[in-house]
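Open the model in your viewer and keep the sequence panel beside it. This tour tells you what to select at each stop.

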Amino acid sequence: MRLGRWTVGGVVHEGLLIDDAAVPFTDGRTVADALALGRDHLDRIAGWADGSPAAALAEVQLLVPLIAASVRDFVTFEEHVEGISASVDGASHVAPEWYEAPTFYFTNPHTLLGDHATVRPPVSSRMDFELEVAAILGGAAGSDGRDLTPAQAARHVFGYTIMNDWSARDVQSREMQVRLGPCKGKDFGTSLGPWIVTADELDPHAHAEGFLELELEAYVNGTRVGHDLLSHMGWPFAELVAYASRDSIVVPGDVLGSGTAGNGGCLAELWGRSGDLWPAPLSAGDDVVLRVEGIGALHGTVGASQPAAAIPPARSHDRVRTRA
């Protein structure tokens, strides 16, 4: 089952994407309502669209498929870490700490973009995409989303979507020298879509340990630059959810990105391996298409940047501890 949000005739609808039709939920129900119910109630959710007038999928504009409660983005592909460290830090390496536990950062849920949207990047000479899959969390009866085991966490994985964590690598490299972030190198835009595919649809691709063996591809202006398997993640999604919930809480509507795939899941990995800016960094007008087996394709276009208002450098102080 596919769930999403779209506009047609200037009106926002939420519901199911069935074959080539967009079918809204009845009685004002939303994707958020479906996520709150959770994966154990898919038959009930499917019934919410019974009798609704359908629109041709080709005639609607797809939106971000959910109103996200939060967005965590992990870094789970060892091959990506090897390549990106060479690009950002000048030497390829994987820190021993990477193997100890899955690491993530929070990004901006207010700058999410849907399928075929145009991202407005900061001023950057090293614009990049990131090929990822994101788990979308839902409710689970009897669970408050805290301190979950992997088995408990798996019940919270409602479905999956494609994720493009747009990145300004030069901005990211500068700010991470402060040992915090990334922040402005990332938070200007993240694309999600084209819809949410419920977890049961992808279960046939799961390994015994829970890894999903799905083919991932990235295209820039029609040329394939990346190709990997989602099963190369260092941890399956259930373990990422469990880790996110440790001493914390996960809720319906949370988005957990897999992190960037290897073998060309982003340009910076390729730059790090080649020692050259090839393929060329993204620029205004470039078209990026990410394809994931079993989910679909997510399209995005790079827009023009706009110079930001200047912020002065930090002021140094004499560190007197009392007022004059």
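The stops below run from a whole domain down to single side chains. Keep in mind that this is a predicted model.

**Stop 1: the annotated domain**

Select residues 71-302. UniProt, in an unreviewed entry, places the domain "Fumarylacetoacetase-like C-terminal" here. The span is 22% helix and 31% strand. Its end C-alpha atoms lie 21 Å apart.

**Stop 2: helix α8**

Now select residues 237-245, which form helix α8. How many of its 9 residues are buried? The count is 7, so the helix is mostly covered, given that buried means under 20% relative accessible area. Colour Phe237, Ala238, Leu240, Val241, Ala242, Ala244 and Ser245 to see the buried set.

What do these residues pack against? Show strands β6 (70-74), β7 (104-107), β11 (131-137), β12 (157-165) and β17 (254-257). Add helix α5 (150-154), which is also a packing partner. Then step past the end of α8 to aspartate 247, where phi is positive, near 55 degrees.

**Stop 3: the nonpolar cores**

Select Phe129, Tyr160, Trp166, Leu230 and Leu282. These residues have the most contacts inside the largest nonpolar core, which has 65 residues. Helix α8 gives this core its largest share, 5 residues. Another core, of 25 residues, lies apart from it. Pick out Ala21, Leu42, Ala68 and Phe158, which are among its members.

**Stop 4: helix α9**

Select residues 267-274 for helix α9. Its buried residues are Leu267, Ala268, Glu269, Trp271 and Gly272. They pack against α3 (78-89), β10 (127-128) and α6 (169-175). Glycine 275 follows the helix, and its phi is positive, near 75 degrees.

**Stop 5: aromatic pairs**

The whole structure holds 6 aromatic pairs. Start with tryptophan 98 and tyrosine 99. Their ring centres are 4.9 Å apart, with 90 degrees between the planes, and the pair is edge-to-face. Are these two residues buried or partly exposed? Tryptophan 98 counts as buried because its relative accessibility is 10%. Tyrosine 99 is at 43%, so this residue counts as partly exposed.

Next, select phenylalanine 104 and phenylalanine 106. Their ring centres are 5.5 Å apart and their planes stand at 80 degrees, so this pair is edge-to-face too. Phenylalanine 104 is partly exposed at 26%, and phenylalanine 106 is partly exposed at 48%. Add Phe74: ring pairs link Phe74, Phe104 and Phe106 into a cluster.

**Stop 6: charges over rings**

Finish with two arginines. The charged end of arginine 2 sits over the ring of tryptophan 195, 4.3 Å from the ring centre. Arginine 291 places its charged end over the ring of tyrosine 219, 5.8 Å from the centre.

Terms used. Residues numbered from 1 in each chain as written. Predicted model: local features only at pLDDT ≥ 70, side-chain atom pairs only at ≥ 80, totals over all residues. Heavy atoms only, no water. UniProt positions renumbered as here; feature names shortened; annotations may be inferred. Helix = DSSP H or I, 4+ residues; strand = E, 2+ residues; numbered from the N terminus. Buried < 20%, exposed > 50% of the residue type's maximum accessible area, 1.4 Å probe, protein only. Contact = heavy atoms within 4.5 Å. Core = buried A, V, L, I, M, F, W, Y, C linked by side-chain atoms within 4.5 Å. Phe/Tyr/Trp six-rings, centres within 6.5 Å; stacked < 30°, edge-to-face > 60°. Lys NZ or Arg CZ within 6 Å of the ring centre and 35° of its normal.
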